[in-house]
Amino acid sequence: MPEKVMPGPAEDLSGIREAVCIHTRKIYDSCRDKDCIEDLRFYPKLQYVDVINRALSVKGGTAKLLYVYVDVEPVSFNRGFYTVDMRFFYSVTLQAYLSCPAPITVEGLCVFDKRAILFGSEGNAKIFSSELRTGEPDLQLMSRSNLPIAVVETGDAK
């Protein structure tokens with residue numbers, strides 16, 4: 001049995017040691033961060049704008065995460081690094097106090113932006129995938145979304 005791991009078909013089935021490609025989505029770095037989110041702009045629903053304008057005071061309520069939009073772009077000045085831009089959308093309820101002691105619940109939206117720079121790949125590979133992408137010409141996985149995803153990576157010959 002050879003000590004080197006070689007790509008290609010296995011010839012000796014008693015000791016299979018093939019090199020295989022594993023697709024890792026190209027981001028090799030990670031970050032974990034806790035943010036204290038303060039001073040976000042509050043976008044009230046239209047029916048609550050007049051209540052907020054007449055309120056004597058407004059107190060905090062609850063916030064619920066609705067959605068996170070994530071965008072990945074390469075960093076132009078540092079090859080192999082990528083910016084990960086995240087936009088968090090929160091549904092927020094506040095308590096608005098008018099002249100009566102009972103508060104009025106006000107609902108709206110808050111948005112928080114965060115950016116991280118992570119290390120990815122330095123290769124110039126082109127990647128094609130069988131993963132469903134809406135708006136693309138090939139909708140082959142539309143009816144069956146539980147199939148495995150096939151990934152093909154090609155590189156330029158030098």
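## Exercises on a predicted chain

Asp-39 sits in the segment before strand 1 (42-44). Helices (H or I, at least four residues) and strands (E, at least two) are DSSP runs, numbered from the N terminus. The model is predicted, so local features need pLDDT of at least 70 and side-chain atom pairs count only at pLDDT 80 or more, while totals for chains, interfaces and linings use all residues. Numbering runs from 1 along each chain as its sequence is written, and side-chain values use heavy atoms, with hydrogens and water left out.

**Exercise 1. Find the sign of phi at Asp-39, and state whether the residue is buried or exposed.**

Step 1. Recall the usual case. Most residues other than glycine have a negative phi.
Step 2. Read the angle. Asp-39 is not a glycine, yet its phi is positive, about 55 degrees.
Step 3. Apply the accessibility classes. Buried means under 20% relative accessible area, exposed over 50%, and partly exposed in between (1.4 Å probe, protein chains only).
Step 4. Classify. Asp-39 has a relative accessible area of 79%, so it is exposed.

**Exercise 2. Write down the order of helices and strands along the chain.**

Step 1. Count the elements. The chain has 1 helix and 6 strands.
Step 2. Read along the sequence. The pattern is β-α-β-β-β-β-β.
Step 3. Add chain totals. Of the 158 residues, 16% are buried. The accessible surface is about 12900 Å², and carbon and sulfur atoms hold 54% of it. That area comes from the Shrake-Rupley method with a 1.4 Å probe; for residues, only the protein chains shown count as cover.
Step 4. Check the contact range. A contact means heavy atoms within 4.5 Å. Among contacts with a separation of 6 or more, 60% join residues 24 or more positions apart.

**Exercise 3. Work out how strand 3 pairs with strand 2 and with strand 4.**

Step 1. Fix the criterion. Two strands pair if DSSP finds at least two bridges between them.
Step 2. Take strand 2 (residues 57-74). Its pairing with strand 3 is antiparallel, over 15 bridges. Val-72 faces Val-84 in strand 3.
Step 3. Look at the turn. Strand 2 and strand 3 form a hairpin with 6 residues between them, and Gly-80 in the turn has a positive phi of about 95 degrees.
Step 4. Take strand 4. Strand 3 and strand 4 are also antiparallel, over 16 bridges. Phe-81 stands opposite Phe-119 in strand 4. This hairpin has 6 residues between its strands.
Step 5. Test one residue. Thr-83 belongs to strand 3. Its relative accessible area is 11%, so it is buried. Neighbours within four places in sequence aside, Thr-83 contacts Asp-71, Val-72, Glu-73, Val-75, Arg-115, Ala-116 and Ile-117.

**Exercise 4. Identify the largest nonpolar core and the elements behind it.**

Step 1. Define the set. A nonpolar core is a set of buried Ala, Val, Leu, Ile, Met, Phe, Trp, Tyr and Cys residues joined through side-chain atoms within 4.5 Å.
Step 2. List the members. The largest core has 10 residues: Val-84, Met-86, Phe-88, Tyr-90, Val-92, Leu-94, Cys-110, Phe-112, Ala-116 and Leu-118.
Step 3. Assign the sources. Strand 3 (81-97) and strand 4 (104-119) each give two or more residues. Strand 3 supplies the largest share, 6 residues.
Step 4. Look elsewhere. Another core, of 6 residues, lies apart and includes Val-51, Ala-55, Ala-96 and Val-106.

**Exercise 5. Describe the geometry of the aromatic pair.**

Step 1. Set the limits. Rings of Phe, Tyr and Trp (its six-membered ring) pair if their centres lie within 6.5 Å; planes under 30 degrees apart count as stacked, over 60 as edge-to-face and the rest as tilted.
Step 2. Count. The structure holds 1 such pair.
Step 3. Classify. Phe-88 and Phe-112 are 5.9 Å apart centre to centre, with 35 degrees between the planes, which makes the pair tilted.
Step 4. Place the rings. Phe-88 lies in strand 3 and Phe-112 in strand 4, so the pair ties together parts 24 residues apart in sequence.
Step 5. Check burial. Phe-88 is buried at 17% relative accessibility, and Phe-112 is buried at 16%.

**Exercise 6. Search the structure for disulfides, then classify Cys-100 and Cys-110 by accessibility.**

Step 1. Use the cut-off. A disulfide is a pair of cysteine sulfur atoms within 2.5 Å.
Step 2. Search. The whole structure has 0 disulfides.
Step 3. Classify. Cys-100 is partly exposed at 37% relative accessible area, whereas Cys-110 is buried at 7%.
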